[in-house]
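Q: I am new to this structure. Can you walk me through how to read its binding sites?

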Amino acid sequence: MLGNFSYHNPTKLYFGDDSLSFLKDEMKNYGQNILLVYGGGSVKKNGLYDEITAILKECGKTVAEVAGVMPNPTVEKLREGVKIARESKADFILAVGGGSVCDYSKAVSVSVHCDDDPWEKYYIRFEEPDCEIVPVGCILTMAGTGSEMNGGAVITNHEQHLKIGHVFGDDVMPKFSILNPKYTMTLPKYQMTAGIYDIMNHICEQYFSGEDDNTSDYISEGLMRSLIHSSRIAVNDPQDYEARSNIMWTATWALNTLVSRGKSTDWMVHMLGQSVGAYTDATHGMTLAAVSLPYYRYIMPYGLKKFARFASQVWGISAEGKTDEQLANEGLEAMESWMKELGLVMKISELGATEDMIEGIADGTIILNGGYKVLDRDEVVEILKASM
Ligand code: NZQ
Ligand code: ZN
């Protein structure tokens, strides 16, 4: 392991079937005014909203609400949330939902006491917060993004055709997150599988880089094997608690800063997928699925040894009598058939992308340099065309 790093993760987790029982105790640590943030209504349908508001009432809290946070939360919605947080003098933000609600709550938390426009400050100029940050806690209802234990907050600006993530530091990460796998069981299959692929890709983004022997890669391989195993069970029986709990826990560890330690990281599938998302507003995990294979097949020759290792250590393919190239190809074939087994979207055209969007999507793709191959713009266009 050749990198230099520090490691600290401040988020406290409560995991399991009775994890909501810890909310009451946690609430003692924060002020009177709670801003309750949730999405388009799933929490009302499954009864979670009633349970949480009853607990907040028992704690004697004053509750204001931001409802209707959409998947891929927008900058307009962010401004609305900031206004409500200011008017209600929010002391604490309680996010109840998936990655969108958690991300959104973090974006509000750094904007309430900030005079600048949050989009310009955090998403265009990439500045760090220099104001008071309202603490956030999270009750997660969908496994995928890892937002429950990281500083990520992705916001979409439809007018500018940009979807951008800012990874904030320790101060912005949730103070606590409550993870009850049962809450994820009401997810539609499309969202469940999109989340599963999001998890897989978070691990791949951190795995496909570097040449050194690194413990982080071994942890990643274990996480991927567990995810593949549990995903096959969950897709056949979404009510299987054991599989859903493993998926939920894997999601958290896939993107909570652990497996990137001592590594440069790639993140180009996310850059491509996010730009597709900015144009189509498609489900995050599906945008990643649709660009992944063209991207990985394109960069494979530049990171051949790692792709061969991926085939044998993650997919259990025998190396006997094979060149690295054959083995690496078989690994990507195994990933492709698993993706099809889950029913993932394999083309950006199926998500609403059209030929005339390709140039714009390429313009919106931020090119990073931590992976095996630094792409140029023409290569981005080529990969997007191969994803159609
Ligand atoms: O809005 P409601 O009605 O709650 O419905 C949601 C939404 O329609 C539904 N849902 C969530 N939990 C449910 C449920 N439906 C039934 N039962 C439940 N228990 O699922 C839909 C999608 O929810 P969303 O929160 O959008 O999904 P996800 O968790 O995938 O979050 C996506 C957002 O996170 C960002 C993405 O870009 C996207 O904006 N990401 C955040 C990251 C981070 N913080 O580090 C990293 C990721 O790579 C990602 O970019
Ligand atoms: Zn993701």
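**Reading the zinc site and the ligand shell**

A: Start with the metal. In this predicted model, the zinc ion (ligand 2) has the protein donors Asp198 (OD), His202 (NE2), His270 (NE2) and His284 (NE2), at 2.0 to 2.2 Å.

Q: How are the donor residues of the zinc ion (ligand 2) spaced in sequence?

A: The pattern is D-x3-H-x67-H-x13-H. It links distant parts of the chain: aspartate 198 sits in helix H7 (residues 189-207) and histidine 284 in helix H11 (residues 284-299), 86 residues apart.

Q: Is aspartate 198 buried or exposed? What about histidine 284?

A: Compare the relative accessible area with the cut-off: buried means under 20%. Aspartate 198 has 3%, so it is buried. Histidine 284 has 18%, so it counts as buried.

Q: Which residues are closest to ligand 1?

A: Gly40, Ser42, Gly99, Ser100 and Thr186, out of 30 that surround it. By class, the shell has eight nonpolar, 19 polar and three charged residues.

Q: Which polar atoms lie by ligand 1?

A: Look at atom pairs. A polar side-chain atom of threonine 141 is 2.8 Å from a nitrogen atom of ligand 1. A backbone N or O atom of glycine 41 is 3.1 Å from an oxygen atom of the ligand. Histidine 284, a zinc donor, also has a polar side-chain atom 2.9 Å from an oxygen atom of ligand 1. The protein covers 89% of the 950 Å² of accessible area that ligand 1 has on its own.

Q: Where does ligand 1 lie relative to domain 1 and domain 2?

A: Check which domains give residues to the shell. Domain 1 (12-183) and domain 2 (189-386) both do, so ligand 1 lies between them.

Notes: Residues are numbered from 1 along each chain as its sequence is written. Chains are lettered from A and ligands numbered from 1 in the order in which they are written. This is a predicted model: local features need pLDDT of at least 70, side-chain atom pairs count only at pLDDT 80 or more; totals for chains, interfaces and linings use all residues. Side-chain values use heavy atoms; hydrogens and water are left out. Donors are N, O and S atoms within 2.8 Å of the metal (3.2 Å for Na, K and Ca); water is not among the atoms, so sites may look incomplete. Helices (H or I, at least four residues) and strands (E, at least two) are DSSP runs, numbered from the N terminus. Buried means under 20% relative accessible area, exposed over 50%, partly exposed in between (1.4 Å probe, protein chains only). A residue is near a molecule or strand if one of its heavy atoms lies within 4 Å of it. A polar contact is a pair of N or O atoms within 3.5 Å; within protein, one must be able to donate a hydrogen and the other to accept it, and residues adjacent in sequence count only if both atoms are side-chain atoms. Accessible areas come from the Shrake-Rupley method with a 1.4 Å probe; for residues, only the protein chains shown count as cover. Ala, Val, Leu, Ile, Met, Phe, Trp, Tyr, Cys and Pro count as nonpolar, Asp, Glu, Lys and Arg as charged, and the others, Gly among them, as polar. Domain bounds come from an automatic or database domain assignment.
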